[in-house]
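Please take a moment to look over the model shown here before reading further. The paragraphs after it are meant to be read with the structure open beside them.

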Amino acid sequence: MSEYDAMWEKLGIDLEAHAGLLEVLPPMYQEHILSQENRPEGMGYFDFVFSEVHGLRVKELVEHREAGGVVVGTFCTYVPEELIVAVGGICVGLCAGAQVAPEEAEKLLPRNLCALIKSSLGFKLAKVCPYIESCDLLVGETTCDGKKKYFEVLGELQPVHVMEVPQMKLEHDRELWRQEIRRLLARLEEEAGRKVTLEGLREAVRLINDKRKALLRLEELRKSDPPVISGRDALLVAQIAFYDDPARLTEKVNALCDELERRRDGGIAIGGAHRPRILLSGCPMALPNWKVATIIETSGAVVAMDEMCTGIRYFDNLVDEEAPDMDALLDAIADRYLNIHCAIFTPNRERVDHLKELVRDYDIDAVVYYALQFCDPYTVEAFGVQRELEELGVPFLYLETDYSAEDVGQLSTRVQALIEMTGSREKA
Amino acid sequence: MAIGGLDIGSRTIALVEMDGDEVRWGEVIATTFDPLAQCRQLLEGREFDLLVATGYGRHLAQANFADRTITEIKAFALGCHRLFPQCRTILDIGGQDTKAISLAPGGKVADFQMNDRCAAGTGKFLEVMAAAMGLTIDEMGRIALETEAEVKISSMCTVFAESEVTGLIARGTPRPEIARGLHEAICDRAVSLLKRVGIEREVVFAGGVARNPCLKALLERRLGIPLLIPENPQLVGAMGAALSALH
């Protein structure tokens, strides 16, 4: 019996299935995260948050709702968190990173669909996610075809508001997106039963900008060589940022960064001395998906940058806080989000240019491109990315996988061969 | 100095002893369900100054007796480059995976591709298909060369292809035609993997499946160039592992 059983039961959680899920998490966390050597002490907070993944934070959501606040679930970095905060709501990222009840999900979805979508529905149908059950509203978006159609399925189970994300970045796309921001705001105001004021929205923008600034500060520290934080720990911080309280998270990330600066200045590194520096690019790695990052880092390399939605795409670029009026501020929010370079856009020149910049700025030795099986945007875009990076002489490894562990051996061989290649490149 | 190279594959384990870059001797045994016991048997009474392991069982070896490990990719690159210094492309079809590797002129790995998680088009695939036709792999390779007629095997999944073969047998399709179709299917797959890394001469064909004369002939015809095959293609990985000690 857990102290949270009554709370979970009230949320409609299947206690038995849920207990099974919670049992597999600690050994997984031990293997992927806690087993790392010389971790920063500031990671203690994140270890604690993860240990309470379905406990304390969910309790906060329940209390927030009891006090009259709303909880809004999202599945994508395009959904503006500041709008949710501005109506007094809490935003929680619901992307799923573990395979749960695929047989249930496949009753409503085709087998050949990406693991992220299927597991999201798996969590819902198996009644093991207290977050989705705590949501007053889910906000979906028309990013890829799979998600777009999935939200129709999910909409039959729970209220879903779907935002239309354009697929190009022309002037009329921007106009559409700015309207979509306003349509979402109206829906959120209705849900929360309150109107947003300019000052309220500006305050929310500042809160979320502060979170971004802290996460960007952490990214800067990942330039340190030898590394002061592992890629897995940085990934964990980003994953937790999707659902933790933003003000508290900002404070904890900044405290972690203070420590990392001391480490950098004092020459205190994680693990060994110089190691190949890998950039991970591609699909998001939602909690608790650490598979590829662990393979890379247990093979003697460090993930120095994540060009993913659970990485820099999530917190790069700030919203202009100084916009003079409501309209300008809403446009500033829209513009910041439209500047995320997801593979759903065409053309998507900005992503490749950004990748090249990151490779240079983070002194990257090789790029590992992580694509979820059946994710058309990222699998197709991989070819062009590979060509351009190889023209720069950057070794590139394409990995297509899902949430199962059966291919870990094969993936390890490929990653280790890539690392061997960077070694011979250095000698050459 | 005696350097040992141990290649623990999914179907076979190869051990070589090298003195510098010369092979003193080599031996190949089956992996079975207990690779550790097989390795111990192979290593019994043998002393090495350094033992380097490769293959999918390399970490198991390192945990028990090997001094260090390298991947199969690097091992095949080193082994093939030693045997054929002009080698620029390698096709390795082993028991459970297929690799295409392109080498820079000095022998360093420039790029590589591996098959996905299933054993489609590998030695295991041939083994299962031969069994479905009541033949040994050698017999299947021989009869496939007897005919120019082939049936199209549309499935590369070992499980589906086996059903397909069973269906063809039931329809009375001559076994040589089925065997030929199976070899053509593997050839297709290998060629597409090779094309992804780029095909530059010389091309070395290694790994256990390189012993299959039918596949060599089909690949050469398809690629329009001769393939170089090591005298003992199953030892190349172990050789490469041992050679890595020199680098």
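What follows leads from the confidence of the prediction to a sheet and its helices, and then to the nonpolar cores.

It should be said at the outset that this is a predicted model, and that the predictor itself gives the complex an ipTM of 0.87 and a pTM of 0.92. For chain B the average pLDDT is 92, and 100% of the residues in that chain score at least 70.

A good place to begin is chain A, where 4 strands form an open sheet whose order is β2-β1-β3-β4, with parallel pairing. The edges of this sheet are formed by β2 (90-93) and β4 (160-163) of chain A, each of which pairs on one side only. If direction is ignored, neighbouring strands of the sheet are turned by 25 degrees against each other on average. Looking at one pair in detail, strand β1 (residues 71-74) of chain A runs parallel to strand β3 (residues 137-141) of chain A, and the two are joined over 3 bridges; within this part of the sheet, Thr74(A) stands opposite Val139(A), which belongs to β3(A).

Helices lie across these strands. Helix α4 (residues 56-66) of chain A lies across β1 and β2 of chain A, and its direction makes an angle of about 145 degrees with β2(A). Helix α10 (residues 171-192) of chain A lies across β1, β3 and β4 of chain A, running at about 165 degrees to β4(A).

Another helix of chain A shows how covered such an element can be: in helix α12 (residues 231-241), 11 of its 11 residues are buried. The buried residues of α12(A) include Leu235(A), Leu236(A), Val237(A) and Ile240(A), but also Arg232(A), Asp233(A) and Gln239(A).

The last step is to ask which residues have the most contacts inside the largest nonpolar core. This core has 170 residues, and the ones with the most contacts inside it are Phe46(A) and Leu280(A). Its largest share, 8 residues, comes from helix α11 (residues 198-221) of chain A, while from chain B it draws at least three residues from each of domain 1 (1-84 + 232-247) and domain 2 (86-229). Apart from this, there is a second, separate core of 42 residues, which includes Ala161(B), Val203(B), Leu215(B) and Leu227(B).

To see what surrounds Leu280(A), one can leave aside residues up to four places away in sequence; among the residues that Leu280(A) then touches are Met285(A), Val292(A), Ile296(A), Val368(A) and Tyr370(A), as well as Asp306(A) and Glu307(A).

Key:
Residues numbered from 1 in each chain as written. Chains lettered and ligands numbered in written order. Predicted model: local features only at pLDDT ≥ 70, side-chain atom pairs only at ≥ 80, totals over all residues. Heavy atoms only, no water. Core = buried A, V, L, I, M, F, W, Y, C linked by side-chain atoms within 4.5 Å. Buried < 20%, exposed > 50% of the residue type's maximum accessible area, 1.4 Å probe, protein only. Domains from an automatic or database assignment. Contact = heavy atoms within 4.5 Å. Pairing = 2+ DSSP bridges. Axes fitted to C-alpha atoms, helices over the stretch in contact; angles between N-to-C directions. pLDDT = per-residue confidence, 0-100.
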